[in-house]
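Work through the exercises below with the coordinates open. Try each task before reading its solution.

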Amino acid sequence: MTDASKEAQDLFDRYLDCWNRRDLEGVVTCYDEPTTFVLPSGAVTLPNRQVLLAFFEEMISELEKSGFSHTTLGPVSAVSCGNGLAVVDVSNVQRLKTDGTLLEKIDSHYVMRNCDGTWRLTVALPCANGWRSA
């Protein structure tokens with residue numbers, strides 16, 4: 001495992017633990033300021049932690065209305081871009097309902113940045129699951 005992949009795995013282990021416990025303050029600490037989400041509807045730049053927290057509060061609320069329980073992740077890999085930057089791929093992200101059935105399955109891609117010794121996510125891009133093999 002490369003250093004970037006180890007750093008990414010550590011970051012996503014912390015992120016997933018916070019997310020599944022609904023510790024959204026903890027989730028927010030995994031992100032840089034500002035953070036950009038590239039979505040099918042367009043890019044959304046969230047300028048600070050307060051706005052990012054509100055974004056995740058709304059997201060989790062909507063997911064829970066659909067019966068959301070928790071998320072699992074497939075492999076996490078990263079490639080260093082140099083100068084404290086890395087591109088991270090997370091495949092087979094599964095959001096599951098309380099009864100164990102699948103709510104959603106995607107792949108995700110991120111840009112991770114070293115911020116004063118702490119790796120944080122700065123760009124997030126959800127993709128269709130299995131898009132590379134399509």
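A salt bridge here is a side-chain nitrogen of Lys or Arg within 4 Å of a carboxyl oxygen of Asp or Glu. Keep in mind that this is a predicted model.

**Exercise 1. Salt bridges**

Task: Find the salt-bridge partner of Asp-23, and say which residues are joined into one network with Asp-23.

Solution.
- Step 1. Apply the cut-off to Asp-23. Its side chain meets that of Arg-21, N to O, at 3.7 Å. That is within 4 Å, so the pair counts as a salt bridge.
- Step 2. Check Arg-21 for another partner. Asp-17 also forms a salt bridge with Arg-21, with the closest N and O atoms 3.1 Å apart.
- Step 3. Join the pairs. Asp-17, Arg-21 and Asp-23 make up one network through shared partners.
- Step 4. Add the exposure. Asp-17 has a relative accessible area of 40% and is partly exposed. Asp-23 is partly exposed as well, at 25%.

The structure holds eight salt bridges.

**Exercise 2. A pair within one helix**

Task: Locate the salt bridge between Asp-10 and Lys-6, and state how many residues apart they lie.

Solution.
- Step 1. Take the distance. The two side chains meet at 2.9 Å, N to O.
- Step 2. Place the residues. Both are in helix H1 (residues 3-20), four residues apart, or about one turn of the helix.
- Step 3. Recall the geometry. An α-helix has 3.6 residues a turn, so residues three or four places apart point the same way.
- Step 4. Classify the exposure. Asp-10 is partly exposed at 35% relative accessibility. Lys-6 is partly exposed at 43%.

**Exercise 3. The two sides of H3**

Task: Determine which residues of H3 are buried and how they are arranged around its axis.

Solution.
- Step 1. Take the span. H3 covers residues 49-65 and has 17 residues. From first C-alpha to last it reaches 24 Å, close to the expected 24 Å.
- Step 2. List the buried positions. They are Leu-52, Leu-53, Phe-56, Ile-60 and Leu-63.
- Step 3. Look down the axis. The buried residues fall within an arc of 100°, so they line one face of the helix.
- Step 4. Turn to the face away from the buried side. It carries the exposed residues Gln-50, Glu-58 and Lys-65.
- Step 5. Inspect both ends. At the start of H3, a side-chain oxygen of Asn-48 comes within 3.1 Å of the backbone nitrogen of Gln-50. After H3 comes Gly-67, with a positive phi near 90°.

**Exercise 4. Strand pairing around S5**

Task: Which strands pair with S5, and over how many bridges?

Solution.
- Step 1. Start with S3 (residues 68-72). It pairs antiparallel with S5 (residues 85-97) over four bridges. Thr-72 has Gln-94 of S5 as its bridge partner.
- Step 2. Go on to S4 (residues 76-82). Six bridges join S4 to S5, again antiparallel. Ala-78 is partnered by Val-88 in S5.
- Step 3. Add S6. Ten bridges link S5 to S6, which run antiparallel. Leu-96 stands opposite Leu-102 of S6.
- Step 4. Check the turns. The S4 and S5 hairpin has two residues between its strands, and Asn-83 takes a positive phi near 55°. The S5 and S6 hairpin has four residues between its strands, and Gly-100 in the turn has a positive phi of about 90°.

**Exercise 5. Asp-107**

Task: Is Asp-107 buried or exposed, and which backbone nitrogen does its side chain reach?

Solution.
- Step 1. Place the residue. Asp-107 is in strand S6 (residues 102-115).
- Step 2. Use the 20% cut-off for burial. Asp-107 has 8% relative accessibility, so it counts as buried.
- Step 3. Find the polar partner. The side chain reaches the backbone nitrogen of Asn-92 at 2.8 Å.
- Step 4. Survey the contacts beyond four places in sequence. Among them are Val-90, Leu-125, Cys-127 and Trp-131.

**Exercise 6. Backbone outliers**

Task: Find what is unusual in the backbone at Pro-34, Arg-22 and Asp-116.

Solution.
- Step 1. Set the baseline. Most residues other than glycine have a negative phi, and most peptide bonds are trans.
- Step 2. Check omega. Glu-33 and Pro-34 are joined by a cis peptide bond, with omega about -10°. Pro-34 is in strand S1 (residues 31-39).
- Step 3. Check phi at Arg-22. The value is positive, about 65°. Arg-22 sits in the loop between H1 and helix H2.
- Step 4. Check phi at Asp-116. It is near 55°, also positive. Asp-116 lies in the loop between S6 and strand S7.
- Step 5. Add the exposure. Arg-22 is partly exposed at 27% relative accessibility, while Asp-116 is exposed at 83%.

Definitions and conventions
Residues numbered from 1 in each chain as written. Predicted model: local features only at pLDDT ≥ 70, side-chain atom pairs only at ≥ 80, totals over all residues. Heavy atoms only, no water. Buried < 20%, exposed > 50% of the residue type's maximum accessible area, 1.4 Å probe, protein only. Polar contact = N/O pair within 3.5 Å; in protein donor to acceptor, adjacent residues only side chain to side chain. Contact = heavy atoms within 4.5 Å. Expected span 1.5 Å × (residues − 1). Arc of directions from axis to C-beta. Pairing = 2+ DSSP bridges.
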